[in-house]
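Biologist: Could you take me through this one? I'd like to hear what stands behind the labels.

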Amino acid sequence: MQDHLDDDLRFAHVLADSADAVNMDRFKGLDLTARTRPDMTSVSDAENAVEKLIRGQLRRSRPRDAVLGAGEGLVGGGPRCWVVDAIAGVENYVRGVPVWATQISLLEVSEGGYRPVAGVVSAPALARRWWAAKDHGAFTGRSLSSASRLRVSGVSTLPDASFAYSSVIGWEESGRLNNFLALSREVWRTRAYGDFWSYMMVAEGVIDICADPQLSPGNMAANAIIVTEAGGTLTGLDGDPGPLSGSAAASNGLLHNDLLGYLNQPS
């Protein structure tokens, strides 16, 4: 692995450690307050505190890099950009459900656009962490020194596949509900694990395909590098590679064309 990516990945773990400490201290706390964004997405005090903490660490250690997060938006410019999702699954967080994570990724300019080159997804309430760096593979474990390599499944037909998603409403709002239902009838099993966790399970090989019709870049950048480095494929529903299209389809690679075919059929 390139030396700078090795340093960046280790630094991303340091950032994730800091985020975990704040998030776990506030998780299920009696003083946790929630308000409502204009788009009706719940947001917690902890989410704001974590993003502010990570931005401060990045300013001190990576002052030339841009940072993108939900709280302050994009700050800075240049060939490198850190993407921070302080609490992926914040609705779960504010309700006490342990399926949430901090997602931290580094994007670099490549072929005319930004591409993720390193990413960490840390889910402390599940006692799980996943990470990857470009051309170095994807891993899971409690630390860099105690890690297991990730590999996607070898399932090659939809009737044998397990399909995960986040919610039915998003498919209805995007005009793809019939496509979603058709795919659900074709596969062996469906489950709404939701948020980051579906993508991590694709990387682990325990499910085979997942998709979401409406997403922000912060939701997908870390997931994208982890899935692809585990041998899978992640694109938008339009088939374009990478995490920036506003939607996502992830697979073990073998099922990707079938997945996109179902989700893009004419209604």
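Modeller: Sure. Keep in mind that this is a predicted model. Let's start with two helices: N179, F180, A182, L183 and E186 of α5 touch L259, Y262 and L263 of α8.

Biologist: What makes that a contact between α5 and α8?

Modeller: The cut-off is heavy atoms within 4.5 Å, and the residues I just named in α5 and α8 meet on that basis. By class, the contact of α5 with α8 has six nonpolar residues, one polar and one charged.

Biologist: Why is α5 called oblique to α8?

Modeller: Helix α5 (residues 177-186) and helix α8 (residues 256-263) pack at about 135°, and their axes lie 8 Å apart. Roughly antiparallel needs an angle over 145, while roughly perpendicular covers 65 to 115. About 135° fits neither range, so α5 counts as oblique to α8.

Biologist: On to α6. Why is helix α6 described as mostly covered?

Modeller: Because buried means under 20% relative accessible area, and seven of the 10 residues in α6 (195-204) are buried. They are F196, S198, Y199, M200, M201, V202 and A203. Just past the end of α6, G205 has a positive phi of about 85°.

Biologist: What does α6 pack on?

Modeller: First, the sheet itself. This open sheet has five strands in the order β12-β11-β13-β15-β14, and its pairing is mixed. From one strand to the next, the twist averages 15°. As for α6, that helix packs on this sheet and touches β11 (162-164), β13 (209-212), β14 and β15. The direction of α6 makes about 155° with that of β13.

Biologist: What makes β12 and β14 the edge strands?

Modeller: Each of them, β12 (189-191) and β14 (233-235), pairs on one side only.

Biologist: How do you know that β14 pairs with β15?

Modeller: At least two bridges are needed for a pair, and three join β14 to β15 (residues 248-251), so the test is met. Those two strands run antiparallel, and T233 sits opposite S251 in β15.

Biologist: And elsewhere, what makes β6 a partner of β5 and β7?

Modeller: Same test, at least two bridges. Strand β5 (residues 80-88) is joined to β6 by seven bridges, and β6 to β7 (residues 113-123) by nine. Both pairings are antiparallel. V84 stands opposite I104 in β6, and T102 opposite S122 in β7. Strand β6 (residues 101-110) is also mostly covered, with eight of its 10 residues buried.

Biologist: Why is C81 called buried?

Modeller: Its relative accessibility is 7%, and buried means under 20%, so C81 qualifies. C210, at 1%, is buried by that test too.

Biologist: How many disulfides does the structure hold?

Modeller: Zero. A pair of cysteine sulfur atoms would have to lie within 2.5 Å to count.

Biologist: Last one: is G76 buried or exposed?

Modeller: Exposed means over 50%, and G76 has a relative accessible area of 53%, so G76 is exposed. You'll find G76 in the loop between β4 (73-75) and β5. The C-alpha atoms of G76 and K28 are 34 Å apart, with their positions 48 residues apart along the chain.

Methods
Residues are numbered from 1 along each chain as its sequence is written. This is a predicted model: local features need pLDDT of at least 70, side-chain atom pairs count only at pLDDT 80 or more; totals for chains, interfaces and linings use all residues. Side-chain values use heavy atoms; hydrogens and water are left out. Axes are lines fitted to C-alpha atoms, for helices over the stretch in contact, and angles run from 0 to 180 degrees between N-to-C directions. Helices (H or I, at least four residues) and strands (E, at least two) are DSSP runs, numbered from the N terminus. Angles under 35 degrees count as roughly parallel, over 145 as roughly antiparallel, 65 to 115 as roughly perpendicular and the rest as oblique. Ala, Val, Leu, Ile, Met, Phe, Trp, Tyr, Cys and Pro count as nonpolar, Asp, Glu, Lys and Arg as charged, and the others, Gly among them, as polar. Buried means under 20% relative accessible area, exposed over 50%, partly exposed in between (1.4 Å probe, protein chains only).
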